Amino acid sequence: MNISKLGIFYGIGVGPGDPELLTVKAINAIRNSNVIIAPKTEKKDGSVALTIAQPYLRADVEIVYQTFPMVRNFEDSPDVFEDNQREILNFLRDGKNVAFLTLGDPMFFSTYIYIFRLLKNSGVTIETIPGVPAFLAIASKIGRPLAFGNDILTVIPATASNEKIAAAAQVSDAAVIMKVYKNFAEVVDILAAENLTGDAVLVSRCGLADEKIFADLEAHKADRLNCLSTILTRRSD
């Protein structure tokens, strides 16, 4: 294989929703790409990440949608990831630069991590470009310092077990709870038990047209949330 003729594989964090939050480096990589990989889930058409990056796409860019299952572990559905890897490698071997778009940051709770692991020993050039995670964008948007002094800040995926969420909350001065949707009511109960609801704010789909913000978590426990929902909170004194 002549590596010098391979295209470059970019993993690009497009942030939480506002296209203006993309870095200059991310925009330049998108404009240098012949192929855009737009990840999507089995249940939904379109790609949020692609919509965010839309203002920066070249007119002649090829857009390829790749479906990724909503699984916790790569091992749960390896064939899908390996098929997507092969498709990307074919583009790279044709000398095309390929950009894989991902919400937030590529190395933070991202589907990109699975593809990165599959490709990193394939002899291709990989450039991973960081993006703004949703919780940082939310903190700036609502004027909420995340941590200061000797605060212990914990980032907790709501997809973890209730036991793990509770254990993490117990040792935290402040917390970020991500992917809050299916078990929202249970998460609220756990936070309430740790005195972490009084100063909590939940933001859903930050920076997108249908963004929602609310502070009274107890009043919204029955609400149906989008998976792009994040809680920022700190222990009430």
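Which residues are buried in helix α1 (residues 24-31)? Keep that question in mind as you open the structure, which is a predicted model.

**Stop one: helix α1**

Select residues 24-31 and show the side chains: in this helix, Ala26, Ile27, Ala29 and Ile30 are the buried ones. If you then look down the axis of α1, these buried residues fall within an arc of 160°, so they line one face of the helix. The spacing you see follows a general rule, since an α-helix has 3.6 residues a turn, so residues three or four places apart point the same way. Turn to the other side of α1, and you will find Val24 and Lys25, which are exposed. To see what lies over the buried residues of α1, add the elements that cover them, which include the strands β1 (8-13), β2 (35-40), β4 (98-102) and β5 (125-129), together with helix α2 (48-53).

**Stop two: threonine 102 and phenylalanine 91**

From that set, stay with strand β4 and pick threonine 102, which has its place there. Threonine 102 is buried, with a relative accessible area of 6%, and, leaving aside residues up to four places away in sequence, its contacts are Ile12, Gly13, Val14, Gly15, Ala49, Ser110 and Tyr112.

Next, select helix α3 (residues 78-93) and find phenylalanine 91 within it. Phenylalanine 91 is also buried, at a relative accessible area of 11%. If residues up to four places away in sequence are again left out, phenylalanine 91 touches Val35, Glu62, Val64, Lys96 and Val98. For a distance to check in the viewer, draw a line from the C-alpha of phenylalanine 91 to that of isoleucine 8: the two are 83 residues apart in sequence, and 9.8 Å apart in space.

**Stop three: helix α7**

Move on to residues 184-193, which form helix α7, and colour Phe184, Val187, Val188, Ile190 and Leu191, which are buried. These residues cover an arc of only 160° around the axis, which puts them on the same side of α7. Against them pack α6 (162-170), β7, β8 (201-204), β9 (212-214) and β10. Before leaving, step to asparagine 195, which follows α7 and has a positive phi, near 60°.

**Stop four: the cavity**

Two of the strands that pack against α7, namely β7 and β10, lead to the next selection. The structure holds one cavity of 30 Å³ or more, and the largest cavity has a volume of about 40 Å³. To display its lining, select Arg144, Pro145, Leu146, Ala174, Ala175, Leu232, Thr233 and Arg234. The elements giving two or more residues to this lining are β7 (174-178) and β10 (229-234), and β10 gives the most, with three residues. Coloured by class, the lining shows five nonpolar, one polar and two charged residues.

**Stop five: the cysteines**

Finally, select cysteine 206 and cysteine 227 and show their sulfur atoms. How many disulfides does a search of the whole structure find? The search finds zero, because the sulfur of cysteine 206 lies 14 Å from the closest cysteine sulfur, that of cysteine 227, too far for a bond, whereas a disulfide needs the pair of sulfur atoms to be within 2.5 Å. The surroundings can be compared as well: cysteine 206 is buried, with a relative accessible area of 7%, while cysteine 227, at 28% relative accessibility, counts as partly exposed.

Methods. Residues numbered from 1 in each chain as written. Predicted model: local features only at pLDDT ≥ 70, side-chain atom pairs only at ≥ 80, totals over all residues. Heavy atoms only, no water. Buried < 20%, exposed > 50% of the residue type's maximum accessible area, 1.4 Å probe, protein only. Helix = DSSP H or I, 4+ residues; strand = E, 2+ residues; numbered from the N terminus. Arc of directions from axis to C-beta. Contact = heavy atoms within 4.5 Å. 1 Å grid on protein atoms, 1.4 Å probe; cavity = no way out; pocket = protein on both sides within 12 Å on 5 of 7 lines; lining within 4 Å. Points joined across faces, edges and corners; volume = space filled by probe spheres on them. Nonpolar A, V, L, I, M, F, W, Y, C, P; charged D, E, K, R; others polar.
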